[in-house]
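Visitor: Could you walk me through how the two chains meet? I am new to this, so please explain the terms as we go.

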Protein chains: 2
Amino acid sequence: MGESSGGSIYGDAEARRRRTLDAAAALLDEGGYAALTIRSVAKRAGTSTGLIYQYFADKQDIFMALLDESIVESTRAVAALPRDRGVAALIAAIIDESARRWGRLGRMSQVWRDAERAADAGRESLRAVHDSGDRYDETVFEALTEAAAKEGRVLLDETAVLPFLLSGMQGVAASIVNDWAAYLDSDEFARFSAAALTRAITRTEPSP
Amino acid sequence: MGESSGGSIYGDAEARRRRTLDAAAALLDEGGYAALTIRSVAKRAGTSTGLIYQYFADKQDIFMALLDESIVESTRAVAALPRDRGVAALIAAIIDESARRWGRLGRMSQVWRDAERAADAGRESLRAVHDSGDRYDETVFEALTEAAAKEGRVLLDETAVLPFLLSGMQGVAASIVNDWAAYLDSDEFARFSAAALTRAITRTEPSP
DNA sequence: ACCTGAACACCGTTCAAGT
DNA sequence: ACCTGAACACCGTTCAAGT
């Protein structure tokens, strides 16, 4: 509780967890999924393979932790986005942010899906990602409502509005990262998509 | 050329390729990505691991072949869709088809991306998937234009329209398959999304 | 000429042995 | 008490040996 540096003669456990996560992220950035092996993470983080399993249940758990952090960061970024430039500008900014995130971790979606299947429903790291995801969704919804209000617009009053928007933004971000539609400038594509999504989910008048 | 059954005393090479692909698809359906090992494919297809490498360059190549076939089938399905029920109905039907396809092979997107990276640009199976994808995109665009015309609508005249629509449909289909938005009926979600996408990319009047 | 499956170089994960 | 890394049971891929 009051211990300032982890409290073990062997080193700070929390710091080692951090280094493990950083090493994993770096390997993922540099060499893609294939480069991410437990042995190379251990080497880079300055630990042993065995010790990694004291902090993470398995390889998937490392992904989950990385994914969770990434979602939390995105949520913070979305929360800080300006609301006074209109819905379309807000959506374009979220798509940018989402593409940046997808660039590093999108490749993990496979892992994520298999985890969701295998579920171990109790698994803590999975619940964490779920909760962070919910928070992200709420943050997007709030930002959107505020941006619309400033423009004198309202969101359509349907349950499917938010899931549709999130799916659409995700699809567009994935397209940008994967460079489908390479013949389009990606900024222009993001801007068009943002305007199109705005047409799809907002109306001019508040309902009476 | 005139040979009716493959022409080898060892059996029909083409038939064995087919059985290999069928075995791979079945394993994927049953046990997910993790169940798909070369050894189990060989066993199920009634060949040996070594022989599989005579028909496919590597494991990824098997995926590519499966993915290509899946895209070709989807293209056929889209081409056969009725045009006279409006744009939104057409889009909803494509989303359905897309979700079905994604259900089996979406998990392969990871593999696909890595292949695109490593590229071996010459790789034949990769080019095949690319070409099939282009054909799919064109087919969607044609169907869409026709459906709009029957309704007295037109697509917006912007290059980004098709990539946006494809990304959006893909995003929605992925959401349905992954069961995000579990609180929504997936048919309702698909219908709302189709209508929203229609608002996003069509106008009422032909341009003058 | 074609086919097989042991062998090779990995992988994720565990746990006896060290400090 | 904590940490290591050899060992285990796999994997994708190759290629000598069989038929």
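**Where the chains meet**

Visitor: What is the area buried between chain B and chain A?
Guide: The size of an interface is often given as the accessible area lost when the parts come together. Here that loss is taken with a 1.4 Å probe and summed over both parts. Carbon and sulfur atoms give 57% of the area buried between chain B and chain A, which is about 3,200 Å².

Visitor: Which element gives the most to the side of chain B that touches chain A?
Guide: Helices here are DSSP runs (H or I, at least four residues), numbered from the N terminus. Those giving two or more residues to this side of chain B are H1 (13-35), H6 (109-118), H8 (161-178) and H9 (186-201). With 10 residues, the one that gives the most is H8(B).

Visitor: How many salt bridges does the rule find across the interface?
Guide: A salt bridge needs a side-chain nitrogen of Lys or Arg within 4 Å of a carboxyl oxygen of Asp or Glu. Between chain B and chain A, the number found by this rule is zero.

Visitor: What relation links chain B and chain A?
Guide: The copies are superposed by least squares on C-alpha atoms of residues with pLDDT of at least 70 in both. A turn of 180° and a shift of 0.0 Å along the axis lay chain B on chain A with an RMSD of 0.0 Å. This is therefore the relation of a two-fold axis.

Guide: One note on reading this: the model is predicted, local features need pLDDT of at least 70, side-chain atom pairs count only at pLDDT 80 or more, and totals for chains, interfaces and linings use all residues. Residues are numbered from 1 along each chain as its sequence is written, chains are lettered from A and ligands numbered from 1 in the order written, and side-chain values use heavy atoms, leaving out hydrogens and water.

Terms used:
Buried area is the accessible area (1.4 Å probe) that two parts lose on being put together, summed over both.
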